[in-house]
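This report looks at how two helices pack and how aromatic rings pair.

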Amino acid sequence: MICGMNIGMSSPGPLDGTYDIVVVGGGPAGCAAAVAAAEGGQRTLLIERTCSLGGMGTVGLVPAWCPFSDREQQIHRGFADRILRRSLASTPHVDPAEVDWVPISAEALKVIYDDELGRAGVAVRFDTLLVDVKVDAEGAVQALVIADKSGLHLVQAGVYIDATGDADLVARSGVATHQGDDAGGELMPASLCFVLANVEGFGREPHPALAIRREDAAGRQLITRIRQDPRFGMIPDDHICCSWIGPGCLGFNAGHVFHVDNTDPANVSAAIMQGRRLAQVYRDGLATYIPEHFGDAVLVNTGSLLGVRETRRIIADYELTLDDYLARRSFPDEIARNAYFVDRHLLSDELASCDADNWEDLVHGRHPKYAPGESHGIPYRCLCPQALRNVLVAGRCIGTDRTVNGSVRVMPVCLSTGEAAGCAAALAIDTGCDPRALDPSRLRRVLRERGVFFAGD
């Protein structure tokens, strides 16, 4: 019995290609997975719905990498380190020893990913959508239906990797997933990142009001004053982070768009339009209240992807929990470490109860942050959806509870889980086993040979 194929078409189209591994999604997780799979000797195809690799770090315009370290040593290594080093080389104003909150040159990063996938021999198909998934009665994916400018096609592989961020491949296989609180409640808000050019003060710290994490109380008060000005009342909250991405250019991850569901295209379309209007309001408000920096600033770009923080998560063989996070737990099958704090942005009802006195506790104090040198493991089982035999998942939608998803969703972790998924898929092809039956000790040996960090290294 074939599940899916319920989209009202007479034919899914001709077979377009057979590969060892097909990766769906070209963000950090998908790029890492595809390179690792190809470097493992497998014929690999990557399908990407936009026309650039890199996801939120490129077309999404996220202005800085989240930390690669545990504040004592770098813990995201292997392919993640390759990307970080090349990214640093494209921002000469940044200390090359930095590994945390490193600014991103989006255009340079696009080419970096192009080069890495090209060097590895990955076939890349831009402007291509996953339409449907053909699954047999034993839970093995038989083919993907994809759509591009020339029509509908089938692609086949031995192993498939879902790196869509929204678990699209898993969901379109007819397999249940988690989403948010699983009760239809509000998801974390999204942000549309943007770039202002012709900003004064390059080479110095941005104005205190724009400090990452906004621990500076005076800075928060200034942002509050801007928001309270009726001209700029569209600004919803005090969330504003920025980084110098080049001379005179500040990249912003600022503000929120609430009640966004990235699995609902009409909802996302409206949210992107709202985000574009919000970016212009930020420019105008900053120019009015901080004219020495922003008086002549120009809004030059807004993200082509909405910065979505939460949608689906797979029902995995193991789902990482808050208890695991708080215990700094290690696992015999772990394939990566993580030290990022639980970064769950306020929902609209939480924001309504937030004021200057409790803002810091609500935003950052709900779960204790790690001390320097502390981290937890991510088990291989988190990458394995329960109901599918030949599918692995990497990136934001791996198996976790909702709270821990706020920690592992960021790009350095996605690079690490992506590399693990790609290596595991390659080993599964080599050994002729389903990915879920793979010996994790063998996978860990391969990852260690690639420079991946494990506890005790």
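## Helix packing

How are helix 2 and helix 3 oriented to each other? The model is predicted, so local features need pLDDT of at least 70 and side-chain atom pairs count only at pLDDT 80 or more, while totals for chains, interfaces and linings use all residues. Residues are numbered from 1 along each chain as its sequence is written, and side-chain values use heavy atoms, with hydrogens and water left out.

Helix 2 (residues 79–89) and helix 3 (residues 106–120) pack at an angle of about 135°, their axes being 10 Å apart; helix 2 and helix 3 are therefore oblique to each other (not under 35 degrees, over 145, or 65 to 115). The contact (heavy atoms within 4.5 Å) is made by Phe 79, Arg 82, Ile 83, Arg 86 and Ser 87 of helix 2, and by Leu 109, Ile 112, Tyr 113, Asp 115, Glu 116 and Arg 119 of helix 3.

## Aromatic pairs

Across the whole structure, a search finds 10 aromatic pairs (ring centres within 6.5 Å, with planes under 30 degrees apart counted as stacked, over 60 as edge-to-face and the rest as tilted). The rings of Phe 202 and Trp 244 have centres 5.5 Å apart and planes at 85°, so this pair is edge-to-face. Because Phe 202 lies in the loop between strand 10 (194–197) and helix 5 (217–228), and Trp 244 in strand 11 (residues 240–246), the pair ties together parts 42 residues apart in sequence.

Phe 202, at 34% relative accessibility, counts as partly exposed, whereas Trp 244, at 10%, counts as buried (buried is under 20% relative accessible area, exposed over 50%, partly exposed in between, with a 1.4 Å probe and protein chains only).

Conventions
Axes fitted to C-alpha atoms, helices over the stretch in contact; angles between N-to-C directions. Helix = DSSP H or I, 4+ residues; strand = E, 2+ residues; numbered from the N terminus. Phe/Tyr/Trp six-rings, centres within 6.5 Å; stacked < 30°, edge-to-face > 60°.
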